Structures are given as structure tokens and as C-alpha cells.
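Notebook open. Today I want to look up how the nonpolar core and the aromatic rings are arranged.

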Amino acid sequence: MDTTAKIDYKNIFYPPGGILLWIIIYLELVTFGIALVFMGLNARAEPELFHESRLLLNTAYGTINTVFLLSSGWCMAQSVHFLKLGNFSKSKLFLRLTILGGMLFLALKAVEYADKIEAGLTMGFNAFFGYYWMLTLFHVIHVVVGIIILLVLGRTLSKKPQTLKIADYESGAAFWHMCDLIWLLLFPIIYLLF
Amino acid sequence: MERTFNITWLVLIGLTLLSAVFANLDFTYVATIILGLSFLKFIGVAFFFMELKKANAFWKVLLVAFLTLLLVVVWAV
């Protein structure tokens, strides 16, 4: 792998992570954004229901999960950085920590979902929980896909690092960071705002 | 670069904890503050972890414009 190859990020067609990935990121953000606006509109019609339902969520779970994802994002940024320096062992270490952060996020989310199901707060309970389940599950699917992408990148980094292109690695990293960005919109609006 | 990532991570964790604290307070501007902190965290991840700060101005303006519009609309409704 040529770790000295420089990408001209100032060129409009080469944002870090690649133009296709950034188009996907904007489409995803707009999709989640529209759903959040509709959630806000529903909350305006039934403010008490949304407030009381929001209080049934565990803010601590949401906060800890935010810390997991942000820490995972920090590890991913470090992994890309060390790959660019040609330090494969450190890059691999940080990639594994990134995946661990994602796994911890999913584990805590599973605990949270189990609590909600046990309490009968399922998708059909009310409008708030309809949005809660739809948006957070859609995000969880992204996290699972992100972990699979990182596992594939990790396998290539371990077995054939010379075939790994920095642009591909940056694309995988950008997808992972996108999961952070989506969560940074969902967490305050669903768990804290209403 | 590593230092930048470390500082960004610390700031993001601090802002997350601050959001959780404000969410438990009851005063007029709580929603505005929570959305403002969310704006800062989003920009921190995009510009520093994703290195969007190195990208063409088009991508930066597009992201900031989208985020501002979304948070203002959510705040207004």
C-alpha cells in the first residue's frame, strides 16, 4: 500500500471518505432529519403525551451510549491516522477498539430494548414510542452494517495490508462516523428534548 | 493530529455530560441549549474526526446549512 499517496481533499470531488459516501451521508441525514421534524410536529399536537413518554426513557443509557459511540469515533479517527503513517499495528489496535465501542453500544441498546419490551412500551404503545422504535432501530441497523464494514477492513488490514487503499479505509471510517452523526441527532431530540 | 483528536474527544464527552445535566433542569431555554450543544457535537465529529475541515468549502457549507436548518425547524415546532 502506498501510504504516501496524497489525496487533494480541497478538490470538490474528493472529500475525505469519497464523494459517493458523502452523498449517502447527506441522504441519510436528510431522511432521519425529516422523521425528526415529523416527530416534533406530533409532539406539538400532544405535548403532554410526548413529555410523559420521554420521561419513561432511561437518559443514563442514552448518555452512556453516546460516550461509547464518540469514543469509538475517536478510535476510528486514530486508526485512519496511523494507517496513513504506515503504522499498521496501531491502526489495527484502534480499529479493534472502534469495533468494541460499537459492540458495547449494541449490547446496551439490547438491554434498553429488553427493558422497554418488558414494560410493554412497544412500537404500538403510543406515537412517541412508535418514533422511538422506528428511529433507533433504523440507527441500530446502520451500526450493525458499520461493524460488518469495519470487520472486513480489519481482515484486509491483518491479512493483505498492501492491497488496502487509504481511500477505501477512509470511506469505511466515514460510514462509521455517520452512525455517530445520526445518533448525535437522535439522542438529544428523543431522550432529552420533549 | 493525535492531539487534535484527543482534545475533540474530551470536548465531545464534556458536551454530552453537559446535555444530560441540562435535560434534568427546568427553565425556559433548556431546549435551545440542548440543541445548541447537539450542534457543537455534530460539528466536532464531522470537522475533526471525519476531517471535513480539510474538504472543499462546498461540503462544509452544505453540512452546516443542513444542520442549522434541521435544528431550527425542530426547535420552532
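I started at A:Leu135 and listed what it touches (contact: heavy atoms within 4.5 Å), skipping residues up to four places away in sequence. The list reads A:Phe32, A:Ala35, A:Leu36, A:Met39, A:Leu186 and A:Ile190.

Before going on, I noted that this is a predicted model, where local features need pLDDT of at least 70, side-chain atom pairs count only at pLDDT 80 or more, and totals for chains, interfaces and linings use all residues. Residues are numbered from 1 along each chain as its sequence is written, chains are lettered from A in the order in which they are written, and side-chain values use heavy atoms, without hydrogens and water.

Next I checked the largest nonpolar core (buried Ala, Val, Leu, Ile, Met, Phe, Trp, Tyr and Cys joined through side-chain atoms within 4.5 Å; buried is under 20% relative accessible area, 1.4 Å probe, protein chains only). It has 88 residues, and A:Leu135 is among those with the most contacts inside it. The largest share, 20 residues, comes from α6(A) (helices are DSSP runs of H or I, at least four residues, numbered from the N terminus).

Then I went through the rings (Phe, Tyr and the six-membered ring of Trp pair if centres lie within 6.5 Å; planes under 30 degrees apart count as stacked). I got 23 aromatic pairs over all chains. A:Tyr26 and B:Trp59 are stacked, 5.9 Å centre to centre with 25 degrees between the planes. This pair crosses between chains, from α1 of chain A to α3 of chain B. A:Tyr26 is buried at 10% relative accessibility, and B:Trp59 is buried at 5%.

Conventions. Buried means under 20% relative accessible area, exposed over 50%, partly exposed in between (1.4 Å probe, protein chains only). Helices (H or I, at least four residues) and strands (E, at least two) are DSSP runs, numbered from the N terminus. Rings of Phe, Tyr and Trp (its six-membered ring) pair if their centres lie within 6.5 Å; planes under 30 degrees apart count as stacked, over 60 as edge-to-face and the rest as tilted.
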